[in-house]
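Reader: I am more at home at the bench than in a structure viewer. Could we go through a few features together, one at a time?

Author: Gladly; here is the structure.

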Amino acid sequence: MYETSGWAIAVFIAFVSFVLWISYHFARRTKTAKGYFAAGGHVHWSVNGIAFAGDYLSAASFLGICGMIATYGYDGFLYSIGYLAGWIVALFVVAEPMKRLGKFTFTDAVDAKFNSKGIQLGAALSTLIVSTFYLIPQMVGAGTLVTPLLGLPHWLGVVMVGAIVVIIVATAGMASTTYVQFLKGSLLVVFSMALVIVTLYNGLNTRPGEDRRQPYPEFRTLPVSLAEDGTLSVPDSPFQVVARQASGKLEFAKLSNDNHTSWWRLTADAEGKPILTEAYWVTRLAAPVTDSAGNQVSALYNGKPITESKPLQAGHIETLVYQGEKTDKAHNLGMLEFLASVKESTIVRFAKATIKDGDDAVTVYYQNPTSGRDIMRPGLKFKVDESRGATWLDRMDFASLMIALFCGTAALPHILIRYYTVPTPSAARKSTIVAIAAIGLFYMLTLFMGLGAMVNGVVDVTDDNMSAPLLAKSFGITLFAIISAIAFATVLGTVAGLIVAASGAVAHDLMDRFLNMKLSDHNKVVAGKAAAIVVGGIAILLGISFKGMNVSFLVGWAFAVAASANLPAITMLLFWKGATKQGVIAAILVGMFAAVGLILLSPDMFERYGLPRTSAPIALNNPGIISIPLGYVTLVLVSLLTRRKAPEPTALVQEAVGL
Amino acid sequence: MHHGPATDWSKDKAAPFKTRVGIWMFVLYAVIYIGFILINTFNPKLMGSDIGGLNLATVYGFGLIIFALMLAFVYNAICSAAEEEINGRLDDEADEEEAA
């Protein structure tokens, strides 16, 4: 469906070759466990800070957030704010103490006070579960990216990412992973800035395709007459109304013209007269048809087989207001001018509705003119406005998500292990500050990239994840090639970090410490590499199985599980002398299983099971507001009940926080 | 780029002070972040109020990101000064000396 570009393939191959060279270069220097799991512990704080950004700015950030902003406006930007705010917890609460307490893994730090088998097992399991949930969307995102970039099928993209990442991790562990992430983090921020500069220079235009090779569709409007008996007709026009369908309060008409059919939305103009507005549509056929190449296809895009259709890209400004005046175009805008103009303008987004056409299911993507004022404030995705039908539970769901984003960052195992790659606690602090600067800058840019995609006619209405790369493509194939290669690297870097975290949990926490296998330094490295290969293989299988799942969906899940299982254990261990090992174990297990259980019983998951949303026993989709406090309450209660057996805080823990 | 072996940082006498500063800064940021969640949750229309050419949602959102960065720099300056004053030298300087 997407045209592949030789440029894109060349940039991609050059990038992957460079990444593999980095792994080869560091492999010769990675002989010890400290070298493999913590890059020797002497990475410079500035490199580590950018590598933090490389770790953190995953496919969900670059593809998911930009896509969500392109579709829902400000509501997508709320993810940017929450993800960045989480770093405050990391910097002020956990950075230095985690560095002082740990050696290779997050489990080391949590277990520093007690040396408990239960904590080792619970924390290692939590690391594996959170890393797995985080891995799935990254692998799915990799498959989604290679389809337009290289013209390969989804599964091949997943296998390719898995293979490259296993090579990166199994050759040189955290050392190669750190420099791959450094490279990716730097390129992502620099080229996102380039994309935003081009977007602002290009400005706003009511006809976004005007100066491009591929013009923007006209999206026609037809006046119609509605007879008293409800019959719809298109006067003085070659179009014939052949069918009408309703979806909730929306009405759609199927028109025929010269043997070509199309779907339109029945609505009213400013004077209240009935009109039809042209839509995009995707038909899921009950009986497959054969395309011109002889392939069986079961989906039609705008009536054409999916294999012969172009992607359905749309989104434009209906009424542009620049500096208080209506106009057709405004070039070379400043950042604030751009946001102010979007706020005052009216933008046509595309919403979807599903209807039946005989035995076929048709998804109509119809024009949905939206005031810029609504786009630039919360409410288009998250139901928070009471006057628009938001319930008390809807609002709690939103608050729950924002709390999980705030609390989750400092509890993600693949982020926490990066504190062991620097030599001192002060270096851990400084690298966190570099991370906040790089990540904060990137997240501010997401609003411009997302809104830029929304108004420039580039959003693929069937899958908004590709909005940022497609915005780049609208400005030229070179920028698209670079941005796509970086997006691919985004996945590589994050997956590599997750696999290092998971391999540390298996080789160091479970095999060496929990099972007391007393591995030699060399054998621990061998076990870590073997674990990386196995986890990489599992990630490939999961990435293929979960094809089509929303990229940001499971990331939110991973944040909630991490915040619920790990944050109570980390913070209470550091700041409450009464915490006992039983309390820490109980908090990890209760937090982890409560978060996972609540998600499995949520309305979103019931919809995925094919059951009605209303039959879900828990009305919340985001568990954080329940499971995070539950983790803390469990830790306090169990610690109080088992307090007599609690040992005095070790000197190490007292040194770690100094209180 | 490489700093050599880590210093004996477990003797960081500035740790209690840095921890206290960190907790207070965390509380300050958390209060402002909770305010953001509360307005979005219970009075989303207020977020649409004009502030200059922008609105409260945009200003508050960007403000949270920029304020995080400002707090981070202030925290680092305070911690570095405390390390120098209480420990007698900066941790990084100590690293470099040992590496040399």
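Reader: Let's begin with helix packing. At roughly what angle do the axes of helix α7 and helix α15 of chain A cross?

Author: Two packed helices are described by how far apart their axes are and by the angle between those axes. This is a predicted model, and in it the axes of α7 (residues 117–150) and α15 (residues 477–514) of chain A come within 8 Å and cross at roughly 160°. Angles over 145 degrees count as roughly antiparallel, so that is the label for α7(A) and α15(A). The crossing in which α7(A) passes α15(A) is left-handed. Sorted by class, their contact has 22 nonpolar, six polar and three charged residues.

Reader: Is helix α18 of chain A largely enclosed or open, and why?

Author: Buried means under 20% relative accessible area. Of the nine residues of α18(A) (residues 567–575), eight are buried, so the helix is largely enclosed by the rest of the structure. Among the buried ones are A:L567, A:P568, A:I570 and A:M572.

Reader: Now aromatic rings, please. How many aromatic pairs does a search of the whole structure find?

Author: The search finds 31 over all chains. Such a pair is described by the distance of the ring centres and the angle of the planes. Take A:Y79 and A:Y83: their centres are 5.9 Å apart with 45° between the planes, which makes a tilted pair. Both tyrosines lie in helix α5 (residues 74–101) of chain A, four residues apart, or about one turn of the helix. A:Y79 and A:Y83 are both buried.

Reader: Rings can also have a charge over them. Where does the charged end of A:K473 sit?

Author: The charged end of A:K473 is over the ring of A:F480, at 5.1 Å from the ring centre. In another case, A:K381 lies over the face of A:F382, 6.0 Å from the centre of the ring.

Reader: Last topic: backbone angles. Which value does phi of A:N115 take?

Author: Most residues other than glycine have a negative phi. A:N115 is not a glycine, yet its phi is positive, near 50°. A:N115 belongs to the loop between α6 (106–110) and α7 of chain A, and with a relative accessible area of 58% it is exposed. A:D258 also has a positive phi, about 55°, without being a glycine. The loop that holds A:D258 runs between β6 (250–257) and β7 (260–268) of chain A; at 70% relative accessibility, A:D258 counts as exposed.

Conventions
Residues are numbered from 1 along each chain as its sequence is written. Chains are lettered from A and ligands numbered from 1 in the order in which they are written. This is a predicted model: local features need pLDDT of at least 70, side-chain atom pairs count only at pLDDT 80 or more; totals for chains, interfaces and linings use all residues. Side-chain values use heavy atoms; hydrogens and water are left out. Axes are lines fitted to C-alpha atoms, for helices over the stretch in contact, and angles run from 0 to 180 degrees between N-to-C directions. Helices (H or I, at least four residues) and strands (E, at least two) are DSSP runs, numbered from the N terminus. Angles under 35 degrees count as roughly parallel, over 145 as roughly antiparallel, 65 to 115 as roughly perpendicular and the rest as oblique. A crossing is left-handed if the near helix is turned anticlockwise from the far one by less than a right angle, and right-handed if clockwise. Ala, Val, Leu, Ile, Met, Phe, Trp, Tyr, Cys and Pro count as nonpolar, Asp, Glu, Lys and Arg as charged, and the others, Gly among them, as polar. Buried means under 20% relative accessible area, exposed over 50%, partly exposed in between (1.4 Å probe, protein chains only). Rings of Phe, Tyr and Trp (its six-membered ring) pair if their centres lie within 6.5 Å; planes under 30 degrees apart count as stacked, over 60 as edge-to-face and the rest as tilted. A charge sits over a ring if NZ of Lys or CZ of Arg is within 6 Å of the ring centre and within 35 degrees of the ring normal.
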